[in-house]
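Please examine the sequence and the three-dimensional model shown here, with attention to the bound ligands and the pockets of the protein.

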Amino acid sequence: MGNTEKGKLIVVSGPSGAGKSTVVFKAINGREDMCFSTSVTSRKPRPGEIDGREYFFIDRERFEKMVESDELLEHAVYVGNYYGTPRKFVEDKLDAGNSVFLDIEVQGARQVKEKKPDAVMVFLIPPTLDELRKRLEKRGTESEETICNRLSRAREEYAEADFYDYIVVNDDPDIAAAELNAILLAEKCRFSARKHMLAEA
Ligand code: ADP
Ligand code: 5GP
């Protein structure tokens, strides 16, 4: 019986500052069968962000060309900036049996669910919106105005989130990462994902 499992596409959304990148990187840490899809964005890098690590930072013109030539699996505008997922990286990794995490907002997540109905949809939230404000202030990378915009966008996202499969509350990031790994494990054990094993036994 073959023991190779197919990789899963895992979409993680949630308000900016909820801790998505912290938790996703903890979940992936040390796992060679899991990877993160680095997005392209027209947003300017924050201090400490490195091109090709957090994002590929590109200008609007280049972004629009990528949309025209269908190089993006999904894309959206978020608080005035473009964000998108390069298609080829994701397809190549999934074909090779790796699981791929996308950290994307709700409009993009909806596009992924339409194009890839097998994708696992996770909504990651902070314990409260007050705590979210504190995390954004502590991160210190946004102006007061941007923080306000991101908090009001968070309320809109909560109202649009009913198509997700799971909610993970990021109080303790180690527990949140363990929950993310547990979701992935359970999804890989689905009857539909493994029924070929019955025929191959
Ligand atoms: P996102 O990717 O959702 O925008 P980040 O991972 O950048 O969020 O986290 C936002 C800030 O909150 C960072 O400074 C991070 O270190 C901090 N943080 C993440 N998870 C927690 C947590 N469970 N408790 C307290 N602070 C956290
Ligand atoms: P930030 O500017 O804080 O890094 O990200 C802002 C928002 O954009 C977050 O909600 C993040 O999940 C989302 N985002 C990051 N990359 C992508 C992407 O490729 N596509 C979409 N649709 N959203 C993204």
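The paragraphs below treat the largest pocket, the two ligands and the second largest pocket in turn.

This is a predicted model, in which local features need pLDDT of at least 70, side-chain atom pairs count only at pLDDT 80 or more, and totals for chains, interfaces and linings use all residues. Residues are numbered from 1 along each chain as its sequence is written, chains are lettered from A and ligands numbered from 1 in the order in which they are written, and side-chain values use heavy atoms, with hydrogens and water left out.

The largest pocket has a volume of about 930 Å³. Its lining comprises 37 residues, of which Gly17, Ser21, Arg46, Asp103 and Arg139 are the closest to its centre. A pocket here is an open set of points on a 1 Å grid over the protein atoms alone, where a 1.4 Å probe fits, with protein on both sides within 12 Å along at least five of seven lines; lining residues have an atom within 4 Å of a point. Grid points are joined across faces, edges and corners, and a volume is the space filled by probe spheres set on the points. At least two lining residues come from each of α1, β5 (72-78), β6 (81-86), α5 and α6 (144-160), and α5 gives the largest share, five residues. Helices (H or I, at least four residues) and strands (E, at least two) are DSSP runs, numbered from the N terminus. By class, 17 lining residues are charged, ten are polar and ten are nonpolar. In this division Ala, Val, Leu, Ile, Met, Phe, Trp, Tyr, Cys and Pro count as nonpolar, Asp, Glu, Lys and Arg as charged, and the others, Gly among them, as polar.

Which space does ligand 1 take? Ligand 1 occupies the largest pocket, and the space taken by ligand 2 is likewise the largest pocket. A molecule sits in a pocket if more than half of its atoms lie within 2 Å of its grid points.

Around ligand 1 there are 13 residues, the closest being Gly17, Lys20, Thr22, Asn170 and Asp171; a residue is near a molecule if one of its heavy atoms lies within 4 Å of it. The shell contains six polar, four charged and three nonpolar residues, and α1 supplies the largest share, three residues. Polar contacts (pairs of N or O atoms within 3.5 Å) link ligand 1 to the protein. A polar backbone atom of Ser21 is 3.0 Å from an oxygen atom of ligand 1, and a polar side-chain atom of Thr22 lies 2.6 Å from an oxygen atom of the ligand. Arg135 places a polar side-chain atom 3.3 Å from a nitrogen atom of ligand 1. Taken alone, ligand 1 exposes 560 Å², of which the protein buries 77%; accessible areas come from the Shrake-Rupley method with a 1.4 Å probe.

Ligand 2 is surrounded by 18 residues, with Ser39, Arg43, Tyr55, Tyr83 and Asp103 the closest. Seven of the shell residues are charged, six polar and five nonpolar. An N or O atom in the side chain of Arg43 is 2.6 Å from an oxygen atom of ligand 2. Polar side-chain atoms also lie 2.8 Å from a ligand oxygen for Arg46 and 2.6 Å from a ligand oxygen for Asp103. On its own, ligand 2 has 510 Å² of accessible area, and the protein covers 96% of that. The elements giving two or more residues to this shell are β5 and β6.

The second largest pocket has a volume of about 600 Å³. Among its 25 lining residues, Lys6, Gly7, Lys8, Asp118 and Ala119 are the closest to its centre. The helices α3 (87-95), α7 (173-188), α8 (191-194) and α9 (196-200) each contribute at least two residues to this lining, which has 13 charged, eight nonpolar and four polar residues.

Note on methods:
Polar contact = N/O pair within 3.5 Å; in protein donor to acceptor, adjacent residues only side chain to side chain.
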